[in-house]
Amino acid sequence: MTTPAPEKTTRRRRPSQRDSAGPRPVLRLGFAGWIVSWLIPTAVMGGLLLALSLMPGLDGEGFLAPLIPLIGAAAVVVGIPGTLLVTWLFRHQPLPAVHILGYVVVGLLYGPVALVVGAGGLVPMLIPLIGFPAGILLGLGRWMAQPLTRVEGPEEKTAAPGVDLPQTTTKDPQTKEPEHD
């Protein structure tokens, strides 16, 4: 006795490619939004390091002062291309959390730039000292830039929280216009 082959139900079928082949919404972050999401956190990080290096007794050995130009180099070498790449890669993803996490990863990559100075001594220990605050600050900067973003594309898609789609008026085909009675 043999058992019949199971039949595929409509629940188990994949959606057709034609449904997803249409235009997708695009998240746009303008120049001002990018400046808010990249430059402000980088400046805050440099300011924090400068303030810590000026505190008496905290920087007795002079380890924090060389980090300021290192943060600037990391911001230029890793930050600018990284944030622009994250913005471009996730342009079809309207969820702000995805962009924020991408910026956090770029900020974490600021840390390994400390190895340019040299891998000896305490320098590898500076990686988390640079990377974690930079990641948190870049994530916060991208979150602060959320009002400066806009979603362009199909109006039937829903927007992410904090991102407004352009409002359009739709006409009901059942209603008649007074001009055409």
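Select Glu152 and Arg150: their side chains meet in a salt bridge, with 3.0 Å from N to O. The model is a predicted one. Colour Arg150 by accessibility and it counts as partly exposed, at 41% relative accessibility. Glu152 also counts as partly exposed, its relative accessibility being 31%.

Keep Glu152 on screen and add Arg28. The side chains of Arg28 and Glu152 form a salt bridge as well, at 3.0 Å from N to O. Arg28 sits in strand β1, which covers residues 26–29, while Glu152 belongs to strand β2, residues 149–152, so this pair ties together parts that are 124 residues apart in sequence. How exposed is Arg28? Arg28 is partly exposed, with a relative accessibility of 38%; the class applies because the value falls between the buried limit of 20% and the exposed limit of 50%.

Now show Arg28, Arg150 and Glu152 together. Salt bridges with shared partners join these three residues into one network. How many salt bridges are there by this rule? The count comes to two.

Next, hide the side chains and display two helices as ribbons: α2 and α5, the latter spanning residues 126–144. Their axes come within 8 Å and cross at roughly 140 degrees. An angle over 145 degrees would be needed for roughly antiparallel, so α2 counts as oblique to α5. The crossing of α2 past α5 is right-handed.

To see what makes this contact, turn on side chains in both helices. On α2, select Val36, Ser37, Trp38, Ile40, Pro41, Val44 and Met45. On α5, the residues to select are Leu129, Ile130, Pro133, Ala134, Leu137, Leu138, Gly141, Arg142 and Met144. Which classes of residue make up the contact of α2 with α5? By class, there are 13 nonpolar, two polar and one charged residues. Colouring by residue type picks out the charged one, Arg142 of α5.

Stay on helix α2, which runs over residues 31–54, and select Thr42. Is Thr42 buried or exposed? Thr42 is buried, because its relative accessible area is 12%, and buried means under 20%. What does Thr42 touch, leaving aside its neighbours within four places in sequence? Select Ala75 and Tyr110: Thr42 is in contact with both of these residues.

For a last view, show Thr42 together with Arg28. Thr42 is buried at 12% relative accessible area, whereas Arg28, in the salt-bridge network, is partly exposed at 38%.

Definitions and conventions: Residues are numbered from 1 along each chain as its sequence is written. This is a predicted model: local features need pLDDT of at least 70, side-chain atom pairs count only at pLDDT 80 or more; totals for chains, interfaces and linings use all residues. Side-chain values use heavy atoms; hydrogens and water are left out. Helices (H or I, at least four residues) and strands (E, at least two) are DSSP runs, numbered from the N terminus. Buried means under 20% relative accessible area, exposed over 50%, partly exposed in between (1.4 Å probe, protein chains only). Contact means heavy atoms within 4.5 Å. A salt bridge is a side-chain nitrogen of Lys or Arg within 4 Å of a carboxyl oxygen of Asp or Glu. Axes are lines fitted to C-alpha atoms, for helices over the stretch in contact, and angles run from 0 to 180 degrees between N-to-C directions. Angles under 35 degrees count as roughly parallel, over 145 as roughly antiparallel, 65 to 115 as roughly perpendicular and the rest as oblique. A crossing is left-handed if the near helix is turned anticlockwise from the far one by less than a right angle, and right-handed if clockwise.
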